[in-house]
Amino acid sequence: MSVNYAAGLSPYADKGKCGLPEIFDPPEELERKVWELAKLLWQSSNVVFHTGAGISTASGIPDFRGPHGVWTMEEQGLAPKFDTTFESARPTQTHMALVQLERVGLLQFLVSQNVDGLHVRSGFPRDKLAELHGNMFVEECVKCKMQYVRDTVVGSMGLKPTGRLCTVAKARGLRACRGELRDTILDWEDALPERDLTLADDASRSDPPGTCPSPPSAVEAVSSSSTFSPPSTYVLSPPLTFPLPQTSPLPPPDDASLPPQDRQADLRIHGYVDEVMTRLMKYLGLEIPIWDGPHVLEKALTPLPRPPAPKLEPKEESPTQLNGPSPASPKQEPTAESTAQHNGSGPISPKREWLDSPAPCRTPKKMKTEVLPS
């Protein structure tokens with residue numbers, strides 16, 4: 001994910017296959033799949049996204065095994081390219097789309113393997129986020145487990161001491177905890193954080209309270225890593241250790257040469273994740289928020305009104321409509337006005353004011369945001 005991050009890890013020989021070519025669906029097929037994805041997401045009552053390094057490459061942070069990944073470049077004897085720093089990296093369209101999906105209640109939980117901190121810095125609520133490999137901006141007290149979200153990277157990796165102490169006051173105003181603070185970044189031999197792993201596992205396999213249990217199915221967005229499932233649980237993710245369902249309402253891919261995760265997916269999308277998510281938001285009638293700087297949201301706000309169901313299936317024989325606006329009625333033919341808006345500037349739902357009252361949800365991590373002394 002980052003040159004600095006990769007260099008800070010212990011030596012690791014089994015790096016897998018690096019530099020595999022990227023695969024892209026034809027434009028008409030991509031549009032059809034994104035439309036199907038919008039329907040599946042809207043129909044689900046419990047959506048969980050699992051994200052990997054692919055969603056951050058557009059911000060200038062390289063992945064490991066991609067065509068220009070850190071390990072791929074090293075295998076070729078080339079210096080990895082890093083266009084930004086963790087502090088200056090900006091959340092991508094995908095990061096911000098996830099923020100909005102959570103705000104309107106279409107996304108219930110987010111599991112990430114990334115350490116770049118972009119999910120937190122995008123404003124995604126921490127009580128609905130599990131960061132399985134840690135966060136470069138977070139350090140944790142070994143005694144009281146308070147987490148501190150910093151404006152800059154904490155300066156160490158591998159769950160090592162950062163040189164700072166916990167400042168949380170004890171009960172009845174006694175002296176501060178003064179527990180040792182350590183970074184949250186895992187090295188190869190480190191176990192996944194128990195709390196985050198438990199929340200991720202529960203969210204990825206469970207039906208929400210008050211619904212009838214039914215096995216989830218999966219959808220995989222290959223270029224960005226993602227997985228999904230109607231009608232009750234929906235997962236968008238890269239291949240992790242979480243079990244995928246054994247049954248599915250949709251016919252599985254019949255290509256026996258596919259990897260095991262692909263064979264269990266109901267929908268596989270090959271395309272750049274920002275393009276996929278931008279089209280998805282268009283079909284859902286949602287606007288992708290503009291990032292206005294890093295801020296930490298500890299607890300999710302009360303969800304905004306859920307958007308109406310996607311209306312019109314795209315016409316596969318009309319590629320000029322691929323970037324058009326979200327239409328208004330089932331099976332409606334594109335109008336001249338919608339055709340004129342094929343450049344992607346079609347109507348979107350108006351901005352909604354963010355509510356201030358928190359929603360009852362999972363117990364959030366104890367967190368404290370502080371600026372490191374210069």
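Is glutamate 189 buried or exposed? Select glutamate 189 in your viewer: with a relative accessible area of 59%, this residue is exposed (exposed is over 50% relative accessible area, buried under 20%, and partly exposed in between, with a 1.4 Å probe and protein chains only). Before moving on, a word about what is on screen. This is a predicted model, in which local features need pLDDT of at least 70 and side-chain atom pairs count only at pLDDT 80 or more, while totals for chains, interfaces and linings use all residues. Residues are numbered from 1 along each chain as its sequence is written, and side-chain values use heavy atoms, with hydrogens and water left out.

**The whole chain**

Show the protein chain as a cartoon: there are nine helices and 11 strands (DSSP runs numbered from the N terminus, helices being H or I with at least four residues and strands E with at least two). Of the 374 residues, 48% are buried. Now switch on the surface. The accessible area is about 17800 Å², and carbon and sulfur atoms hold 56% of that (areas come from the Shrake-Rupley method with a 1.4 Å probe; for residues, only the protein chains shown count as cover). Among contacts with a separation of 6 or more, 70% join residues 24 or more positions apart (contact means heavy atoms within 4.5 Å).

**Helix H4**

Next, select residues 93–103, which form helix H4. Here 10 of the 11 residues are buried, so the helix is largely enclosed by the rest of the structure. Colour the buried ones: Thr94, His95, Met96, Ala97, Leu98, Val99, Gln100, Leu101, Glu102 and Arg103. What do these buried residues pack against? Their partners are H2, E1, strand E2 (109–112), helix H5 (118–121) and H8. Step just past the end of H4 to find glycine 105, whose phi is positive at about 85°.

**H4 beside H8**

Keep H4 on screen and add H8, residues 273–284. Two packed helices are described by the angle between their axes and the distance between the axes. The axes of H4 and H8 come within 8 Å and cross at roughly 30° (axes are lines fitted to C-alpha atoms, for helices over the stretch in contact, and angles run from 0 to 180 degrees between N-to-C directions). That makes H4 roughly parallel to H8 (angles under 35 degrees are roughly parallel, over 145 roughly antiparallel, 65 to 115 roughly perpendicular, and the rest oblique). The crossing is left-handed (the near helix is turned anticlockwise from the far one by less than a right angle; clockwise would be right-handed).

Show side chains for Gln93, Thr94, Ala97, Leu98, Gln100 and Leu101 of H4, which meet Val273, Asp274, Met277, Thr278, Met281 and Leu284 of H8. This contact has seven nonpolar residues, four polar and one charged (Ala, Val, Leu, Ile, Met, Phe, Trp, Tyr, Cys and Pro count as nonpolar, Asp, Glu, Lys and Arg as charged, and the others, Gly among them, as polar).

**H2 across H8**

Leave H8 in place and add H2, residues 27–43. The two axes come within 9 Å and cross at roughly 55°. That makes H2 oblique to H8, and the crossing is right-handed. On the H2 side the contact includes Pro27, Leu30, Val34, Trp35 and Trp42, and on the H8 side Glu275, Arg279 and Tyr283 are among the residues. The residues of this contact divide into 12 nonpolar, no polar and four charged.

**A few stops in loops and a strand**

- Glycine 54: look in the loop between strand E1 (47–51) and helix H3 (70–75). At 18% relative accessibility, glycine 54 is buried. Try a C-alpha distance to asparagine 114: the two are 9.4 Å apart in space and 60 residues apart in sequence.
- Lysine 145: this residue sits in the loop between strand E4 (138–141) and strand E5 (147–150). Its phi is near 70°, a positive value in a residue other than glycine, and at 45% relative accessibility lysine 145 is partly exposed.
- Leucine 159: find this one in the loop between E5 and E6. Leucine 159 has a positive phi of about 60° although it is not a glycine.
- Proline 161: this residue lies in strand E6 (residues 161–165). Leaving aside neighbours within four places in sequence, proline 161 is in contact with Ser156, Glu180, Leu181 and Arg182.

**Back to glutamate 189**

Finish in the loop between strand E7 (180–183) and helix H6 (194–205), where glutamate 189 lies. Select serine 10 as well: glutamate 189 and serine 10 are 179 residues apart in sequence, yet 8.8 Å apart in space, C-alpha to C-alpha.
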